[in-house]
Amino acid sequence: MQDYIIRAVAKNEPVRITAVTTTGVVEEAHIRHKTSPIAAAALGRTLTAALMLATEIKGKDILTVRIMGDGPLGAIVASAGGNGTVRGYVQNPEFDLPPNEKGKLPVGAAVGKGTLHVSKDLGLKYPFVGSSELVTGEISEDITYYLYKSEQIPSAVSLGVLVGPDGHIRSAGGVMVQIMGDVDEVTEKRLIKQFESMEAVSSLIDRGYKPEDLVKELDFEFEILANYPVAFQCQCTKERVEKALISLGVEEIEDIMAKEGQAEASCHFCGENYIFGKDELGKLLVEMSNT
Ligand SMILES: [Zn+2]
């Protein structure tokens, strides 16, 4: 089933809700990066968060979430466009930890302590960059804290990835509720109570919930503002990788040609492998010496 995202506002309150299914997105990331279950959970939550935060930017603009923890998973990066595409990676995708006694993957322990950065490239001279400390490393709480601390938006964020016994992704998605203005205390308490009593978002999606159904878990009348498909999609091309090769310089390329006979370069974000044969490298060297 195609993953998609919904952004809605409450009709009578300044409350915004975003809900997304990302089962296919996280499975694609799992296949591309050969993630362990805990790496899939951490990367999947980050990809899901980036897609939800990117609903406020325009189609061609890019929002990137970087989780820089000191835990064994290393850095986690997810970059989403306002058009519903997302790509990302985790530094050590093979690292694994068994579920804890509650049957949950200890994502916080694998991520560790550190900082979360969000940058928004809106086509201006400089990107917008905001940061906050990691609170638990479980990603949901870290994004919630970031939104409050850096953007002054009181929010509640729930992200979930359910990994099957075969390592494949059974379900993934997220819900984010944000208070965009003044709400009375009673409404706020009602909202928090409903959000906290929600079942885990990955279990709901595993049971067949769609983004609309997730929105309905909250007892508010919502008006849907946007609804569009989301997918794991990279922007890398052989031309871009070629530019990176050129930046190595003539000597380095000649050295690679002599030692390896070809050059191999893979994209961090999607794991795509690009191979440049001897002829291609030769042509590159000619081009480089002509400029
Ligand atoms: Zn790529």
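In this predicted model, helix α9 goes past helix α10 in a left-handed crossing. The pair sits late in the chain, with α9 covering residues 250-260 and α10 covering residues 278-289. Their axes come within 11 Å and cross at roughly 160°. Angles over 145 degrees count as roughly antiparallel, so α9 is roughly antiparallel to α10.

Who touches whom here? From α9, the residues V250, I253, E254 and M257 take part, and they meet K278, L281, L284, L285, M288 and S289 of α10. Sorted by class, that contact has seven nonpolar residues, one polar and two charged.

**The hairpin of β12 and β13**

Strand β12 (residues 263-266) runs antiparallel to strand β13 (residues 273-276), and four bridges join them. If you want to trace the register, S266 has N273 in β13 as its bridge partner, while E264 is bridged to I275, also in β13. Six residues lie between the two strands of this hairpin, and G271 has a positive phi near 80° there.

**Two domains**

The chain splits into domain 1, residues 4-232, and domain 2, residues 238-289. How far apart are the C-alpha centres of domain 1 and domain 2? They lie 36 Å apart. The contact draws on six residues from domain 1 and four residues from domain 2. On the domain 1 side, α1 (23-33) and β5 each supply at least two of the residues that touch domain 2. The largest share of that side belongs to β5, with three residues. By class, the domain 1 side has one nonpolar, three polar and two charged residues.

**The six-stranded sheet**

One open sheet has six strands, in the order β7-β6-β3-β4-β5-β11, and its pairing is mixed. The edges are β7 (128-133) and β11 (231-232); each has a single partner strand, so one side of each is left without a neighbour in the sheet. Helix α4 (residues 140-151) packs on this sheet and touches β6 (114-121) as well as β7, with its direction at about 120° to that of β7.

Further along the strand order, β4 (residues 76-81) and β5 (residues 85-90) run antiparallel and are joined by five bridges. Within this pair, A78 stands opposite G88 in β5. This is the β5 that gives three residues to the side of domain 1 touching domain 2.

**The five-stranded sheet**

Another open sheet has five strands in the order β8-β9-β2-β1-β10, and here the pairing is antiparallel. Which strands stand at the edges? β8 (155-163) and β10 (222-229) do, each pairing on one side only. Ignoring direction, neighbouring strands in this sheet are turned by 10° against each other on average.

Nine bridges tie β8 to strand β9 (residues 169-179), and the two run antiparallel. One of the bridged pairs is V161 with A172, the latter in β9. Helix α1 packs on this sheet, where it touches β2 (15-21), β8 and β9, and its direction makes about 125° with that of β9.

**α1 and α2**

Helix α1 also has a helical neighbour in α2 (residues 37-53), with axes that come within 10 Å and cross at roughly 135°. That angle makes α1 oblique to α2, and the crossing is right-handed. On the α1 side the residues are V25, V26, A29 and H30, and they meet A40, L43, G44 and L47 in α2. The contact has six nonpolar and two polar residues, and no charged ones.

So α1 turns up in several places: it packs on the five-stranded sheet, it meets α2, and it gives at least two residues to the side of domain 1 that touches domain 2.

**Antiparallel strand pairs at a glance**

| Pair | Bridges | A bridged pair |
|---|---|---|
| β4 and β5 | five bridges | A78 and G88 |
| β12 and β13 | four bridges | S266 and N273 |
| β8 and β9 | nine bridges | V161 and A172 |

Notes
Residues numbered from 1 in each chain as written. Predicted model: local features only at pLDDT ≥ 70, side-chain atom pairs only at ≥ 80, totals over all residues. Axes fitted to C-alpha atoms, helices over the stretch in contact; angles between N-to-C directions. Parallel < 35°, antiparallel > 145°, perpendicular 65-115°, else oblique. Left-handed = near helix turned anticlockwise from the far one by under 90°. Contact = placed C-beta atoms within 7 Å. Nonpolar A, V, L, I, M, F, W, Y, C, P; charged D, E, K, R; others polar. Pairing = 2+ DSSP bridges. Domains from an automatic or database assignment.
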